[in-house]
There are 2 protein chains.
Amino acid sequence: MTHLLPLADDPAPERADAARNREAILAAALRLVRTRGVGCVTMETVAAEAGVGKGTLFRRFESREGLMGAVLNESETAWQASVISGPPPLGPGAPPMERLLAFGHSRLRTNLTHAELIAAAGRPGARSAAALSFANMHVRYLLGELGVTGDLLMLATALLAPLEMVVLDQQVNTEHISLERIEAGWDDLVHRVVGR
Amino acid sequence: MTHLLPLADDPAPERADAARNREAILAAALRLVRTRGVGCVTMETVAAEAGVGKGTLFRRFESREGLMGAVLNESETAWQASVISGPPPLGPGAPPMERLLAFGHSRLRTNLTHAELIAAAGRPGARSAAALSFANMHVRYLLGELGVTGDLLMLATALLAPLEMVVLDQQVNTEHISLERIEAGWDDLVHRVVGR
DNA sequence: AATAGAAGCGGACCATGGTCCGTTTAGGCG
DNA sequence: CGCCTAAACGGACCATGGTCCGCTTCTATT
């Protein structure tokens, strides 16, 4: 092993034109999703709008789900930022319980807002596993602050699960449960899990 | 209102050939799914195997997801039966808490077993809303027996959510969490929700 | 600056889900 | 029993996601 090798060097540092295209595609996709709605955006349309060939789309984003996942990630990242460093009670500065409740409500709204995109992005794995487990991490941290003991990974998962789109979709669209009730239900769950 | 009208009469009592075909399709689909795996079953294949035209598939089952949902329902129904009238602790006869835990474990295994089919069946709505809310109903009932008070619909949803495939998939396939740990986590959740 | 080889490109092509509509058939009725 | 209508049928057809491979473009090297 040579001492000059930088560690964790990207095996293939992405060529300039490739980067340009990736950006163009993402921008085009975002634009089209905004204007026409997720359902009316075909891969061919995106390719045309970005001024690249269809093959390029698939090479960079693997599949339609992958592309939608990437688009989704844009907002997801912004959201993460506001959790990490935004104003309280969602961001730091408020007591843990308040933060936790704010977190749940915020996540709820966010998911509902991006419902279509989430559906189009399909199962996880498209969104980087890291991005997905961010929420879990954060909840775990807050539970720790609250002095909860036990298998925090599992508890965080349990708290997050009812906020998943599959569940929300069912509640909102077939059972017609109000947002307020869902929020209240989640708050109740939190209190039971934390143990007062 | 004439007194001769039977109540809740099916507006269109399904023609004989239609019924025959529906059964043939379902049987063919089940057979193919069993032998080739969900991923390798195309609508055309099913149509051929059932000896009907493709159009017929789509008329009776709406979409691929619909068909897969119908196939899934077969096993789902069997499972429901064993919950309602099978041997304890899953079926009646055991104390509520035992039943609830058994229920969770059973649901966990069942979902994992049918993972592919569930994915192929897509979002709910394909499976009748009734079938889907059966689990919720049952959990609500058991919570009642356990003397839990509060918004039971929400609590049941909270308990069921971590057993959804989206969540399980993530845990099993990307986080590589063992089945035992997931079960233990769920048991813990139940105890916290019920409040000892 | 020229060159070589890798990386990227793009559009023709394929597979499959989903639609449509002219034809066939069940089954109630005179 | 033969007719009539609504329902069901089926396969040609379309749209779109995804693959493939010959051609182009980048960039490291001399």
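**Figure 1. His176(B), an exposed residue in a loop of chain B.** At 63% relative accessibility, His176(B) counts as exposed, because exposed means over 50% relative accessible area. Keep in mind, as you look at this and every other view, that the model is predicted. To find His176(B), look in the loop between helix 9 (165-174) and helix 10 of chain B. His176(B) is not a glycine, and yet its phi is positive, about 55°.

**Figure 2. His176(A), seen in the loop of chain A.** Now turn to chain A and look between helix 9 (165-174) and helix 10 (179-194), where the loop holds His176(A). The phi of His176(A) is positive, at about 50°, although His176(A) is not a glycine. Is His176(A) buried or exposed? With a relative accessibility of 63%, His176(A) is classed as exposed.

**Figure 3. Ile177(B), a buried loop residue.** Ile177(B) belongs to the loop between helix 9 and helix 10 of chain B. Its relative accessibility is 8%, so Ile177(B) counts as buried; the cut-off for buried is under 20%. Which residues does Ile177(B) touch, not counting those up to four places away in sequence? In chain A, the partners are Leu153(A) and Met154(A). In chain B, they are Gln171(B), Val172(B) and Ile182(B).

**Figure 4. Ile182(B) and its neighbours from both chains.** Follow chain B into helix 10 (residues 179-194), and you will find Ile182(B) there. Ile182(B) has a relative accessible area of 5% and is therefore buried. Leaving aside neighbours within four places in sequence, Ile182(B) is in contact with Met154(A) from chain A. On the chain B side, its contacts are Leu108(B), Leu168(B), Gln171(B), Val172(B) and Ile177(B). Take a moment to look at Leu108(B): 74 residues separate Leu108(B) from Ile182(B) in sequence, while their C-alpha atoms are 8.9 Å apart in space.

**Figure 5. Helix 8 of chain A, enclosed by the rest of the structure.** Helix 8 of chain A covers residues 152-160. How many of the nine residues of helix 8 are buried? Nine of the nine are, so helix 8 is largely enclosed by the rest of the structure. Here is the list to tick off as you go: Leu152(A), Leu153(A), Met154(A), Leu155(A), Ala156(A), Thr157(A), Ala158(A), Leu159(A) and Leu160(A). You have already met two of these residues, since Leu153(A) and Met154(A) are touched by Ile177(B).

**Figure 6. Ser106(B), a buried serine in a helix.** Ser106(B) is part of helix 5 of chain B, which runs over residues 96-113. The relative accessibility of Ser106(B) is 17%, so Ser106(B) counts as buried. Setting aside residues up to four places away in sequence, Ser106(B) touches Trp79(B) and Leu90(B).

**Figure 7. Cis peptide bonds between prolines in chains A and B.** In chain A, the peptide bond from Pro88(A) to Pro89(A) is cis, and its omega is near 5°. Pro89(A) sits in the loop between helix 4 and helix 5 (96-113) of chain A. Chain B has a cis peptide bond from Pro88(B) to Pro89(B), with omega near 10°. There, Pro89(B) is placed in the loop between helix 4 (64-85) and helix 5 of chain B.

**Figure 8. The second largest pocket and its lining.** Rolling a probe the size of a water molecule over the atoms shows where empty space is left. The second largest pocket holds about 190 Å³ of space. Which helices of chain A each supply at least two residues of its lining? They are helix 1 (16-36), helix 4 (64-85) and helix 6 (115-121). The lining includes Leu30(A), Val33(A), Arg34(A), Val71(A), Glu74(A), Ala115(A) and Leu117(A). By type, the lining residues divide into six nonpolar, three polar and three charged.

**Figure 9. Chain A and the span of residues 42-61.** Chain A has 10 helices and zero strands. Of its 196 residues, 46% are buried. The UniProt record, an unreviewed entry, places the feature "DNA-binding region" at residues 42-61 of chain A. In the model, this span is 80% helix and 0% strand, and its end C-alpha atoms lie 14 Å apart.

Technical notes. Residues numbered from 1 in each chain as written. Chains lettered and ligands numbered in written order. Predicted model: local features only at pLDDT ≥ 70, side-chain atom pairs only at ≥ 80, totals over all residues. Heavy atoms only, no water. Helix = DSSP H or I, 4+ residues; strand = E, 2+ residues; numbered from the N terminus. Buried < 20%, exposed > 50% of the residue type's maximum accessible area, 1.4 Å probe, protein only. UniProt positions renumbered as here; feature names shortened; annotations may be inferred. 1 Å grid on protein atoms, 1.4 Å probe; cavity = no way out; pocket = protein on both sides within 12 Å on 5 of 7 lines; lining within 4 Å. Points joined across faces, edges and corners; volume = space filled by probe spheres on them. Nonpolar A, V, L, I, M, F, W, Y, C, P; charged D, E, K, R; others polar. Contact = heavy atoms within 4.5 Å.
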